[in-house]
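Open the model in your viewer and keep the selection tool at hand. The stops below take one helix, then the domains, then the ligand.

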Amino acid sequence: MSRTIKKIVIAGGGTAGWMTAAALSKLMGGELEITLVESESIGTIGVGEATIPTLVFFHRLLGIDEAEFLAATQGTYKLGIRFENWRDRGENYMHAFGVTGRDCWACGFQHFWLRARQLGLAGDFGEYCLERRAAEAHKFSHLPNNGLNYAFHLDASRYAVFLREFSEGFGVKRVEGKISEVNLHPDTGYIRALKLDSGRELDGDFFIDCTGMRALLIEKALHTGFESWSHWLPCDSAVAVQTKAVEPPVPFTRSIARESAWQWRIPLQHRVGNGLVYASSYQNDESAREQLLTNIEGDQLTDPLLIKFQTGRRRKQWHRNCLAVGLSSGFLEPLESTSIHLIQQNIVRFLRFFPQTEIRQVEVDEFNRQADFDMERIRDFIILHYKVTERTDTDFWRHCRQMSIPDSLATKIDMFRETGHVFRADNELFVDSWQQVMLGQGLMPERYHSLVDTMPERELADFIGQVKAEVDSKMARLKDHNAYLAGLLPDS
Ligand code: FAD
């Protein structure tokens, strides 16, 4: 069987480009000739520093040593996101990565908790989630068997450098240059080569578009089209600034809702990443910049960086001999730190669908269907945060409460409100997270599963008590996050 895909060209060297290069070279390097072209004069987007736990698995797949990665990227551990003022001003909750409590075959833990709470037998929902308690207590450790479910905060520019070294070690050739033309085969419409400013041409069998929001290959050359979701997610702008750390890094991201915006705070070892995501129809750039600068701590290390974005997805993420990875494939605002996850999803999915001989449309279509599903479910989860709010203090929040939402999300909200159930469709990413966010935003189910009523009160109290004791005992084994991190790093 002879492969038709032997030469791969990756256009763009941001997080998407170098993650793609790292995975393809490590996992298929011997069989492929991989070239990555990037332009220092254009640079990268310069944000994208909070992740979710799937990155841990990506690193394991590639054999990346965690301590080396943390040292190279000034990384820290992340156990969740603290949402402040989202439900209402002064109300906070944590969306932590772990599972809360223990499910039974018939229903989730929330059903037991709801009844126990009515009977005065249970504390706050978060007391039964190890990651939430650990985050709040600023603790972290790797525990054997069912330890913490964690992710990282990382410095995006350092991460690209780290992955570049990794990829070059597996044979990736980097070319510095600006792509000025994308040349297509006249008969098939497939991409034939990328022409650089220097006149040099990079030909290939398959092209991966990691050119960020420019989408030079998938859109500018192949015109696949873009589906906008801005009617559901009104934010379209961000301003970002880095500051010196004023306290040891905490193992969670902060997401602080403002009048017509929300602010992120991402703690790294050496600095903090800050940004304000806002809707330009409610707040102008100057006032956003001012709002961010009055709400940061520590010396400012960079000038404010203004970023405009469009929320939505490319109509086809794989088209002909081109795959879009990263911002070129679409964008969902960073509220749940899901973009790097979507990068890795496209990479791993591409490896699964890697054309054995020629590109088959049936595989391309299935790839695109799965990629669409992933994005839609994450989109719904992000919209949930805006929709289910009790805030009525500004036009922005009043709009969010009243705006129409996708049917898929409306069903999920109604199901939880009326029955307490959350069901997982296919392999959707977030499961337990739905309950944490819905409860955190004040959406309390009207009833719980009737099966729970068959449990004698005493048994329910014992069950809830046992779950709490398990979390307590694991908590006692965790160390201070900063001390644990320092102990892992090679030069400490
Ligand atoms: P880019 O970083 O823009 O890289 C594009 C590359 O293409 C660059 O190397 C550039 O030089 C190259 N290029 C472009 N045009 C040419 C050309 N003509 N010739 C040669 N090279 C070219 N994601 C998360 O997971 N977590 C977060 O916390 C998070 N926060 C975010 C906050 C904001 C405000 C935004 C907008 C995004 C955030 N993201 C986050 C998304 C994240 O930044 C991106 O998914 C990630 O950085 C990948 O970007 P990229 O590599 O696709 O694009």
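Select α3 together with α2 (54-62), α6 (156-169) and α15 (481-488): the buried residues of α3 pack against these three helices. Helices here are DSSP runs of H or I with at least four residues, strands are runs of E with at least two, and both are numbered from the N terminus. Contact means C-beta atoms, placed from the backbone, within 7 Å. This is a predicted model, in which local features need pLDDT of at least 70, side-chain atom pairs count only at pLDDT 80 or more, and totals for chains, interfaces and linings use all residues. Residues are numbered from 1 along each chain as its sequence is written.

Within α3 (residues 66-73), pick Phe69, Leu70, Ala72 and Thr73, the buried ones (20 or more other C-beta atoms within 10 Å of the residue's own). They cover an arc of only 165 degrees around the axis, which puts them on the same side of α3; the arc is taken from the directions from the helix axis to the C-beta atoms. Gln74 follows α3 and has a positive phi, near 55 degrees.

Next, colour domain 1 (7-76 + 153-228 + 312-377), domain 2 (99-142 + 393-479) and domain 3 (237-308); the bounds come from an automatic or database domain assignment. The centres of domain 1 and domain 3, over C-alpha atoms, are 27 Å apart. Their contact takes 14 residues from domain 1 and 16 from domain 3.

Where does the ligand lie? Domain 1 and domain 3 both give residues to the shell around the ligand, so it lies between them.

Terms used:
A residue is buried if 20 or more other C-beta atoms lie within 10 Å of its own, exposed if 12 or fewer, and partly exposed in between; C-beta atoms are placed from the backbone. Two residues are in contact if their C-beta atoms, placed from the backbone, lie within 7 Å.
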